[in-house]
Amino acid sequence: MIFRGFGKRRYPPEIEERIPPGQTLTEKWPILTYGRVPRFNPQTWDLRVTGLVEEEKRWTYEEFMALPRTKVTADIHCVTTWSLLGSEWEGVSVRELLRDVRIKPEARYVMQHCDGGYTTNLPLDIFLDDDVLLCYRRNGEDITPDHGWPLRLVVPKRYFWKSAKWVRSLEFMARDQLGFWENLGYNNNADPWQEERFS
Ligand SMILES: Nc1nc2c(c(=O)[nH]1)N[C@H]1C(S)=C(S)[C@@H](COP(=O)(O)O)O[C@H]1N2
Ligand SMILES: [Mo]
């Protein structure tokens, strides 16, 4: 570790206050995948918005990559206790993606569906926050297949399992439904600051 000699603190206070309870900093970005890395075919890839919207939408890879991009600097926290601070994530903000999508008023939750079958759910107030990104680059480099290339979510306010890799569709729902890890006992709210790891 690069910081030493701060007495009881492991890091300077401005770093320490960014580390949620029970977390340890990492400098390398670990890979956590259940199952295999799906193959990406730009010819057949698409991203869909489905469920409780006035009109379902679909973007081809080319269409998606032409959307206005943005950068968000954010910390991420994995439930397995590593935290990675200060990455610059680049992609399309969820708000930008949904700019012309009319979400029905009864929609309260969203399910992220991935290539390979992984799912994870979020309430809309978290999902539609301005720091939530459909991400394809980190610190100026394309993310690798292991990390979700060509497209993943980055949802900084929740444990990182709520950030789907290889995302292919976003389904708007009136009632909450549990995703893959949520079904296996992970905490549905997943706020690292409340240490909501398991239920
Ligand atoms: N499709 C998919 N998305 C996923 C996962 C997965 O197994 N499949 N793992 C989740 C978990 S548990 C974590 S901690 C993060 C890990 O992302 P990383 O491998 O890029 O660090 O992705 C999340 N998104
Ligand atoms: Mo995780």
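Below, a colleague asks how the labels on this predicted model were reached, and a modeller answers.

Colleague: Let's start with cysteines. How do you know that the structure has zero disulfides?

Modeller: A search of the whole structure turned up zero of them. Take Cys114: the nearest cysteine sulfur belongs to Cys135 and is 14 Å away. A disulfide needs two cysteine sulfurs within 2.5 Å. At 14 Å, the sulfur of Cys135 is too far from that of Cys114 for a bond, so the pair doesn't qualify.

Colleague: And are those two buried or exposed? What makes you say so for Cys114 and for Cys135?

Modeller: Buried means under 20% relative accessible area. Cys114 comes out at 10%, so it counts as buried. Cys135 has 0%, so it is buried too.

Colleague: Lysine next. Why is Lys162 called buried?

Modeller: Its relative accessible area is 0%, and the label asks for under 20%, so Lys162 is buried. As for where it sits, Lys162 is in the loop between strand S10 (152-154) and strand S11 (167-173).

Colleague: What is Lys162 in contact with, once you leave aside its neighbours within four places in sequence?

Modeller: Gln112, Thr120, Asn121, Leu122, Val155, Glu182, Asn187, Asn188 and Ala190. Each of those has heavy atoms within 4.5 Å of Lys162, so each counts as a contact.

Colleague: Val155 is on that list. What makes Val155 buried?

Modeller: The value for Val155 is 1%, and the cut-off is under 20%, so buried it is. Val155 is also in the loop between S10 and S11. Leaving out residues up to four places away in sequence, Val155 touches Gln112, Leu122, Ile126, Val132, Lys162 and Ser163. There's a long-range pairing in space as well: Val155 and Asp75 are 80 residues apart in sequence, yet 9.7 Å apart from C-alpha to C-alpha.

Colleague: Ala190 was in the Lys162 list too. What is notable about the phi of Ala190?

Modeller: Ala190 has a positive phi of about 60° although it isn't a glycine. You'll find Ala190 in the segment after helix H5 (180-183). Its relative accessibility is 0%, so Ala190 counts as buried.

Colleague: Glu195 has a positive phi as well, about 50°, without being a glycine. Why is Glu195 called partly exposed?

Modeller: Glu195 has a relative accessible area of 36%. Under 20% would be buried and over 50% exposed, so 36% falls in between and Glu195 is partly exposed. Glu195 is in the segment after H5.

Colleague: Are there any cis peptide bonds I should look at, and which residues does one join?

Modeller: Look at Trp149 and Pro150: a cis peptide bond joins them, with omega at about 15°. Pro150 is in the loop between strand S9 (141-142) and S10.

Colleague: On to ligand 1. Which residues are closest to it?

Modeller: Among the 19 residues that surround ligand 1, the closest are Pro30, Tyr34, His147, Arg152 and Lys165.

Colleague: What makes the pairing of His147 with ligand 1 a polar contact?

Modeller: A polar side-chain atom of His147 is 2.6 Å from an oxygen atom of ligand 1. A polar contact needs N or O atoms within 3.5 Å, so the His147 pair passes. Arg152 has a side-chain N or O atom 2.6 Å from a ligand 1 oxygen. Leu32 uses its backbone instead, with an N or O atom 2.8 Å from an oxygen of ligand 1. Overall, the protein covers 98% of the 530 Å² of accessible area that ligand 1 has on its own.

Colleague: How many residues are in the largest nonpolar core?

Modeller: That core has 50 residues, and those with the most contacts inside it are Val49, Phe64, Leu97, Phe127, Leu153, Leu170 and Phe172. A second, separate core has five residues, including Tyr11, Ile19, Leu25 and Leu85.

Colleague: One last residue: why is Leu98 called buried?

Modeller: Leu98 has a relative accessible area of 7%, which is under 20%, so the label fits. Leu98 is in the loop between helix H3 (94-97) and strand S6 (109-114). Apart from neighbours within four places in sequence, Leu98 is in contact with Val49, Ile103, Phe127, Leu128 and Phe172.

Terms used
Residues are numbered from 1 along each chain as its sequence is written. Chains are lettered from A and ligands numbered from 1 in the order in which they are written. This is a predicted model: local features need pLDDT of at least 70, side-chain atom pairs count only at pLDDT 80 or more; totals for chains, interfaces and linings use all residues. Side-chain values use heavy atoms; hydrogens and water are left out. Buried means under 20% relative accessible area, exposed over 50%, partly exposed in between (1.4 Å probe, protein chains only). Helices (H or I, at least four residues) and strands (E, at least two) are DSSP runs, numbered from the N terminus. A residue is near a molecule or strand if one of its heavy atoms lies within 4 Å of it. A polar contact is a pair of N or O atoms within 3.5 Å; within protein, one must be able to donate a hydrogen and the other to accept it, and residues adjacent in sequence count only if both atoms are side-chain atoms. Accessible areas come from the Shrake-Rupley method with a 1.4 Å probe; for residues, only the protein chains shown count as cover. A nonpolar core is a set of buried Ala, Val, Leu, Ile, Met, Phe, Trp, Tyr and Cys residues joined through side-chain atoms within 4.5 Å.
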